[in-house]
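Where does a folded chain leave empty space, and where do its side chains fill it? The paragraphs below go through the enclosed spaces, the open pocket and the nonpolar cores in turn.

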Amino acid sequence: MALSRRARPRRYLMCPPAHFDVTYAINPWMDPAKPVDTPLALAQWEQLRALYRGLGHTVDQIEPRPGLPDMVFTANGATVVDGRVFGARFAHTEREPEAEEHLEWFAAHGLAHLHVPVHINEGEGDFAVTRSCLLAGRGFRTNPLAHGEAQEYFGRPVVGLELVDPRFYHLDLALAVLDDSADEVAYYPAAFSPGSREVLRRLFPHALIATEDDALAFGLNAVSDGHHVVLPQAAAGLYGPLRERGFEPVGVDLSELHKGGGSVKCCSLELRL
C-alpha cells in the first residue's frame with residue numbers, strides 16, 4: 001500500500017539559459033562538436049520554471065551573464081540550509097566566476113550568513129540535505145576537506161560518499177533526496193565505491209534503487225517536494241517505483257540542457273530559509 005505523501009512549498013533559485021552553450025568539455029556529457037539549440041534550452045527551462053510555480057513553489061531568478069554558459073546550473077552555486085549560505089568554489093576555471101555571482105545575489109537579497117569556502121565544493125552538486133545529515137560527494141569535483149568545512153559551518157553531520165564513475169561526476173547525478181523530512185532517497189549503487197555503497201545501505205535500507213538506464217537518463221537529477229518528484233521524462237523506469245511509494249512523478253524534457261551534463265536538479269538551487 002502506497003504511503004500518503006504531502007507536498008511542502010519550496011523556494012528555488014534558477015537562472016535562464018540565455019547564454020547556454022557547450023564551448024568546452026569538463027565532464028563526459030559535454031561535446032563542443034555537437035551543436036546546441038539555445039532557444040530550445042530556454043523553452044525547456046521555462047517549462048520547468050512554470051511547472052514549479054504551478055505546483056505552488058516560489059522561483060527566484062539570478063541574472064545570466066555572458067561568458068558563463070553553465071550558470072543555468074544554479075544548484076552548483078551554493079548550499080543553503082537554515083538561511084545560511086555555504087558558497088561554492090569551482091574545480092574548473094571556466095566556472096569560477098559563477099561563485100561570486102551567486103554570493104552577490106544572496107547578499108543583495110538580504111542573506112547575512114554567507115560563507116566563502118576555503119576548499120573546492122560545487123554546492124548542491126555534491127551536497128544533498130536530508131533530515132539527519134548532509135550527504136557529501138567526493139572523487140571528481142568536491143575536495144573531501146570541504147566536507148569538514150561544511151559540517152563546521154552548518155553544525156550538521158556530514159557523511160562523505162566516494163563517486164567512482166565519471167559519468168556521475170556529481171552526487172546529484174547518482175542520488176536524489178525523495179523526502180527530506182523522512183530520510184528517503186533513491187540512488188544508483190554502481191556510481192559509488194564499495195564502502196560508500198555499504199554506508200548508503202546502512203543509512204537508507206529502504207532506498208529506491210535506480211537502474212543504470214534510468215541513472216544515465218538523468219533520472220536521479222530530480223527534485224522532490226515530498227510528494228511530486230520532478231525528473232526527466234526519459235527516466236520512465238522510475239515512475240512505477242515512485243508511485244508505489246506514494247510519490248507522484250512529473251516528467252519534463254530538459255534534453256538540450258543534458259548536453260551540458262545537467263538536468264532538473266542542476267537547474268534548481270533550493271533556498272532553505
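In this predicted model, the largest cavity holds about 250 Å³ of space, and it belongs to a set of four cavities of 30 Å³ or more that a search of the whole structure finds. Its lining is made up of 24 residues, and those nearest its centre are Val-177, Ala-222, Lys-265, Glu-270 and Arg-272. By class, the lining of the largest cavity comprises eleven nonpolar, three polar and ten charged residues. To trace the walls by secondary structure, one can look at β6 (127–129), α4 (171–174), β9 (175–179) and β12 (223–224), each of which supplies at least two residues of that lining; β9, with five residues, gives the most.

The second largest cavity encloses about 60 Å³. Thirteen residues line this space, and Asn-27, Phe-73, Arg-95, Tyr-169 and Gly-260 are the ones that lie nearest its centre. Here the lining divides into five nonpolar, five polar and three charged residues.

From the enclosed spaces we turn to the open one. The largest pocket contains about 160 Å³ of space, and its lining consists of Arg-8, Val-81, Asp-82, Val-129, Thr-130, Arg-131, Arg-156, Asp-180, Ser-181 and Arg-272. Six of these lining residues are charged, while two are nonpolar and two are polar. Arg-272 deserves a second look, since this residue is part of the pocket lining and is also listed among the residues nearest the centre of the largest cavity.

What remains is the packing of nonpolar side chains. The largest nonpolar core has 38 residues, of which Leu-135, Leu-175, Phe-192 and Leu-242 touch the most other members. At least two residues of this core come from each of β8 (158–162), α4, β9, β10 (184–187), β13 (228–232) and α7 (239–244), and β9 gives the most, with four residues. The strand β9 therefore appears in two roles, as the element that gives the most to the lining of the largest cavity and as the one that gives the most to this core.

Leu-242 offers a closer view of how such a core member is surrounded: when neighbours within four places in sequence are left aside, Leu-242 is in contact with Leu-178, Leu-208, Val-229, Leu-231, Phe-247 and Pro-249. Apart from the largest core lies another one, of 25 residues, whose members include Ile-26, Val-72, Leu-254 and Val-264.

Conventions: Residues numbered from 1 in each chain as written. Predicted model: local features only at pLDDT ≥ 70, side-chain atom pairs only at ≥ 80, totals over all residues. Heavy atoms only, no water. 1 Å grid on protein atoms, 1.4 Å probe; cavity = no way out; pocket = protein on both sides within 12 Å on 5 of 7 lines; lining within 4 Å. Points joined across faces, edges and corners; volume = space filled by probe spheres on them. Nonpolar A, V, L, I, M, F, W, Y, C, P; charged D, E, K, R; others polar. Core = buried A, V, L, I, M, F, W, Y, C linked by side-chain atoms within 4.5 Å. Buried < 20%, exposed > 50% of the residue type's maximum accessible area, 1.4 Å probe, protein only. Contact = heavy atoms within 4.5 Å.
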